[in-house]
Amino acid sequence: MTKSVVHVTTVSESLSFLRGQGRFLKEHGYDFSAVTSPSPDNERFAEAEGVTVHEVAISRAVTPAADLRALLELVQLLKRLQPDIVHAGTPKAAFLGLMAARMAGVKHRVFQLRGLRYETSRGLRRAMFKGLDHASVLFSEVVVVNSHSVLTAARKDHLFGLTPARVLGHGSSNGVDVASRFNIEMQEPQARQQARQRFGLSDDSFVIGFVGRIVRDKGIATLASVWERLRDEHPNLEMLVVGAEEPGDPVAPAALKLLRSDARVHMAGVVRDVENVYPAMDTLLLPTYREGTPNVLLEAGALGVPCIASRVTGCVDVIEDQLTGRLVENTPTAFVEALRQYLADPELLRKHGRAAAAHVRERFAQPVVWRDLIKLYDELTGEHT
């Protein structure tokens with residue numbers, strides 16, 4: 001008998017975290033559908049995955065009237081669908097989705113804790129984000145945490161109470177598509193040259209990459225400071241920055257001005273086919289202050305790009321320092337020293353890149369995560385005793 005899973009996210013961009021999962025679940029006896037805010041991207045996701053996407057407007061911001069409307073719509077939708085499992089991630093979607101699931105009488109409710117947003121917040125914002133997570137835990141039957149380091153930090157903060165929590169595989173909510181999209185063995189020989197031409201990068205330059213949201217939490221100020229310290233020292237250095245600015249966590253204007261005003265820094269904005277971007281990079285920097293399991297480190301690593309990342313939650317689960325990349329303290333000086341090591345030793349750079357590709361393929365391939373997800377769903381629905 002086919003069982004049904006409804007996955008709730010706040011915005012359609014988050015559906016990318018579920019790519020391939022719906023088809024896998026259907027092959028293993030679970031009908032998959034998603035709920036997210038209205039967007040033209042929803043139809044493309046539904047067609048690509050062969051699933052149904054239901055639209056409910058869920059605001060990221062705290063908007064009491066709109067939140068109440070979203071809650072009531074979710075309750076009505078879930079009563080109509082009568083799923084066996086509701087699985088919800090992202091703070092707002094988890095809170096509203098799991099509350100609605102409980103009100104609608106859905107027996108099995110899974111909270112996907114992708115990271116601890118309150119980690120880098122202070123005062124009322126910290127209390128609000130931690131309160132949302134705690135409420136989502138209370139509405140759930142089990143919590144799935146994106147990484148072991150986040151699990152440890154959350155337990156230290158007494159977030160779970162008596163609710164069981166677990167990590168799928170070695171971490172990540174969906175793993176990495178190392179079979180095709182991020183398969184280094186399938187990469188075309190001219191991929192590097194094509195990627196560099198696309199973004200106006202020189203063939204013989206050393207390219208530092210960044211992929212992610214252009215926000216304070218991702219350490220853009222550190223990124224700018226690192227660039228300022230190294231650009232004159234290494235005239236063959238270029239930087240490729242991929243991602244969109246988000247007003248909710250703005251970057252210091254001086255840092256953005258420094259990056260935008262330098263002709264050797266290429267601000268690419270949002271790029272959907274990131275698998276065709278990583279080949280342009282010699283190394284990727286992620287000076288972030290917190291993560292769940294950072295997809296950019298997994299994706300870049302799978303394609304043989306060694307990464308330098310902050311020694312923070314999430315990053316420590318992905319990179320083995322001095323083996324598959326570098327883990328450093330989140331200071332400009334530490335990142336500069338790690339970059340200088342790679343600039344001075346091209347063979348070490350290549351060695352770490354090869355090791356990163358093997359590491360991601362072994363530990364974070366999508367089937368590794370999906371098999372644990374199926375096991376969890378089977379346990380919840382009584383398929384396994």
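# Exercises: bridges, sheets and rings

Glu-347 has a relative accessibility of 40%, which makes this residue partly exposed (buried means under 20% relative accessible area, exposed over 50%, partly exposed in between, with a 1.4 Å probe and protein chains only). The model you see is predicted: local features need pLDDT of at least 70, side-chain atom pairs count only at pLDDT 80 or more, and totals for chains, interfaces and linings use all residues. Residues are numbered from 1 along each chain as its sequence is written, and side-chain values use heavy atoms, with hydrogens and water left out.

## Exercise 1: a bridge within a helix

Find the salt-bridge partner of Glu-347 and say where the two residues lie.

*Solution.*
- Step 1: recall the rule, in which a salt bridge is a side-chain nitrogen of Lys or Arg within 4 Å of a carboxyl oxygen of Asp or Glu.
- Step 2: apply the rule, and the partner turns out to be Arg-350, with the closest N and O atoms 3.3 Å apart.
- Step 3: place the pair in helix H13 (residues 346-363), where the two residues are three apart, about one turn of the helix. Helices (H or I, at least four residues) and strands (E, at least two) are DSSP runs, numbered from the N terminus.
- Step 4: check the surroundings of Arg-350, which is partly exposed at 46% relative accessible area.
- Step 5: look for a network too, and you find Arg-216, Asp-217, Asp-249 and Arg-290 joined into one by salt bridges that share partners.

## Exercise 2: bridges between elements

Work out which parts of the chain are tied together by the bridge of Asp-41 with Arg-272, then do likewise for Lys-92 and Asp-67.

*Solution.*
- Step 1: start with the total, which is 22 salt bridges in the whole structure.
- Step 2: pick out Asp-41 and Arg-272, whose closest N and O atoms are 3.3 Å apart.
- Step 3: locate both ends. Asp-41 sits in helix H2 (residues 41-49) and Arg-272 in the loop between strand S10 (265-269) and strand S11 (283-286), so parts 231 residues apart in sequence are tied together.
- Step 4: note that Arg-272 is exposed, at 60% relative accessible area.
- Step 5: turn to Lys-92 and Asp-67, which meet in a salt bridge of 2.9 Å, N to O. Lys-92 belongs to helix H4 (residues 91-103) and Asp-67 to helix H3 (residues 64-81), so this pair links parts 25 residues apart in sequence.
- Step 6: compare burial, and you see that Lys-92 and Asp-67 are both buried.

## Exercise 3: the seven-stranded sheet

Give the strand order of the sheet with seven strands and name its edges.

*Solution.*
- Step 1: use the pairing rule, by which two strands pair if DSSP finds at least two bridges between them.
- Step 2: read off the order S3-S2-S1-S4-S5-S6-S7, an open sheet with parallel pairing.
- Step 3: find the edges. Strand S3 (52-55) and strand S7 (165-167) each have a single partner strand, so one side of each has no neighbour in the sheet.
- Step 4: add the twist, with neighbouring strands turned by 25° against each other on average, direction ignored. Axes are lines fitted to C-alpha atoms, for helices over the stretch in contact, and angles run from 0 to 180 degrees between N-to-C directions.
- Step 5: zoom in on strand S5 (residues 108-113) and strand S6 (residues 142-145), which are paired in parallel over four bridges. Here Phe-111 stands opposite Val-143 in S6.

## Exercise 4: the six-stranded sheet

Do the same kind of reading for the sheet with six strands.

*Solution.*
- Step 1: the order of this open sheet is S10-S9-S8-S11-S12-S13, and the pairing is parallel.
- Step 2: S10 and strand S13 (325-328) are the edge strands, each pairing on one side only.
- Step 3: from one strand to the next, the twist averages 20°.

## Exercise 5: aromatic rings

Classify the ring pair Phe-95 and Phe-139 as stacked, tilted or edge-to-face.

*Solution.*
- Step 1: rings of Phe, Tyr and Trp (its six-membered ring) pair if their centres lie within 6.5 Å; planes under 30 degrees apart count as stacked, over 60 as edge-to-face and the rest as tilted.
- Step 2: four aromatic pairs are found by this rule.
- Step 3: the centres of Phe-95 and Phe-139 are 6.2 Å apart and the planes are at 50°, so this pair is tilted.
- Step 4: Phe-95 is in helix H4 and Phe-139 in helix H5 (residues 123-139), so the pair connects parts 44 residues apart in sequence.
- Step 5: Phe-139 is buried, with 18% relative accessible area.
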